[in-house]
Amino acid sequence: MHQATLHPDETFLELLEADGKFDTNACFQCRKCTNGCPVTFAMDLYPDEVIRLVILGQRETVLKCRTIWVCAACETCTARCPNGVKIAELMDAIKERTLLERVPGPQPQILTLHRTFLKNVRKWGRAFEGTLLPAYLLRSGQFLHKWREGLWGWDIKFGWRLLCKGRFFHFPKRIKGKKEIRNILIHHKK
Ligand code: SF4
Ligand code: SF4
């Protein structure tokens, strides 16, 4: 568990709840959320710890944690919580906040990858691998880096495997509700 800082940000929860409540105060730390989470092995804070730290106003610790990026948004935690705490939604709101405040992620390029992903979904209405990876490589500067260093071997093999599975060079299927998805992601224009 991380140490609490001496000066908690008492507005943190309010800020996160600008678009809706997460009912974090109902949490009695039973850890059912954490016990059901499939990706805790890669987290630096468990989901119940994130809840507690948010309540305690530990803004910096929460915004910089790896957990929010590891979270797969599967909503198991939310479904298991006996008190109706919206844990998965809270994880998403924290991620949004890091984007708004441009808080550097625990790993380089994580914000670039996330922004590229959201842009891809906004454009196609769903994730489309055919443009997602090339866009990320260009945006992150990895394209140039790999080109200069001659590091294309792995990518070419991976691209070939995607091609063989029919994931490349096809157009994404048309989906219903594309406009609604664009409206949901209206804040992510960059
Ligand atoms: S399952 Fe709900 S009540 Fe239990 S620790 Fe997690 S958020 Fe708190
Ligand atoms: S939504 Fe995230 S935190 Fe909750 S169980 Fe799934 S991966 Fe874990």
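A residue is counted here as near a molecule if its C-beta atom, placed from the backbone, lies within 6 Å of it, and helices are DSSP runs of at least four residues, numbered from the N terminus. With these terms in hand, the predicted model shown above can be read step by step, beginning with the shell around ligand 2, to which α7 gives the most, with three residues.

The shell around ligand 2 consists of 14 residues, and the closest are Cys37, Cys71, Cys74, Cys77 and Ala88. Two elements give two or more residues to this shell, namely α6, which covers residues 76-80, and α7, which covers residues 87-101. Sorted by class, the residues around ligand 2 are eleven nonpolar, two polar and one charged.

Ligand 1 can be described in the same manner. Around ligand 1 there are 14 residues, of which Cys27, Cys30, Cys33, Cys81 and Val85 are the closest. Here the elements that contribute two or more residues are α2, running from 32 to 36, and α3, running from 47 to 55. The classes in the shell around ligand 1 are eight nonpolar, two polar and four charged residues.

From the ligands we can step back to the chain as a whole. Its secondary structure comes to twelve helices and zero strands, and along the sequence the pattern is therefore an unbroken series of α elements, since helices and strands are the DSSP runs being counted. The C-alpha trace spans about 50 × 40 × 30 Å along its principal axes, and of the 190 residues in the chain, 19% are buried. The domain assignment divides the chain into domain 1, residues 12-101, and domain 2, residues 110-184, and the centres of these two domains, taken over C-alpha atoms, are separated by 28 Å.

Domain 2 spans residues 110-184, and a pair of helices, α8 at residues 110-124 and α9 at residues 129-140, gives a good place to look at packing. Two packed helices are described by the angle between their axes and the distance between the axes. For α8 and α9, the axes come within 9 Å and cross at roughly 140 degrees. Are the two helices oblique or roughly antiparallel to each other? Angles over 145 degrees would count as roughly antiparallel, and α8 and α9 are therefore oblique to each other. The crossing in which α8 passes α9 is right-handed.

Helix α10, which follows at residues 142-149, shows how burial can be judged for a whole element: of its eight residues the number buried is zero, so α10 lies largely in the open. After α10 comes Gly150, whose phi is positive, near 65 degrees.

Two other residues also have a positive phi, although neither is a glycine: Asp23, at about 55 degrees, and Arg102, likewise at about 55 degrees. Asp23 lies in the loop between α1, residues 12-16, and α2, whereas Arg102 has its place in the loop between α7 and α8. How exposed is each of them, and why? A residue is exposed if 12 or fewer other C-beta atoms lie within 10 Å of its own, and buried if there are 20 or more. Asp23 has 17 C-beta neighbours inside 10 Å and so counts as partly exposed, while Arg102, with 7 such neighbours, counts as exposed.

Terms used:
Residues are numbered from 1 along each chain as its sequence is written. Chains are lettered from A and ligands numbered from 1 in the order in which they are written. This is a predicted model: local features need pLDDT of at least 70, side-chain atom pairs count only at pLDDT 80 or more; totals for chains, interfaces and linings use all residues. Domain bounds come from an automatic or database domain assignment. Ala, Val, Leu, Ile, Met, Phe, Trp, Tyr, Cys and Pro count as nonpolar, Asp, Glu, Lys and Arg as charged, and the others, Gly among them, as polar. Axes are lines fitted to C-alpha atoms, for helices over the stretch in contact, and angles run from 0 to 180 degrees between N-to-C directions. Angles under 35 degrees count as roughly parallel, over 145 as roughly antiparallel, 65 to 115 as roughly perpendicular and the rest as oblique. A crossing is left-handed if the near helix is turned anticlockwise from the far one by less than a right angle, and right-handed if clockwise.
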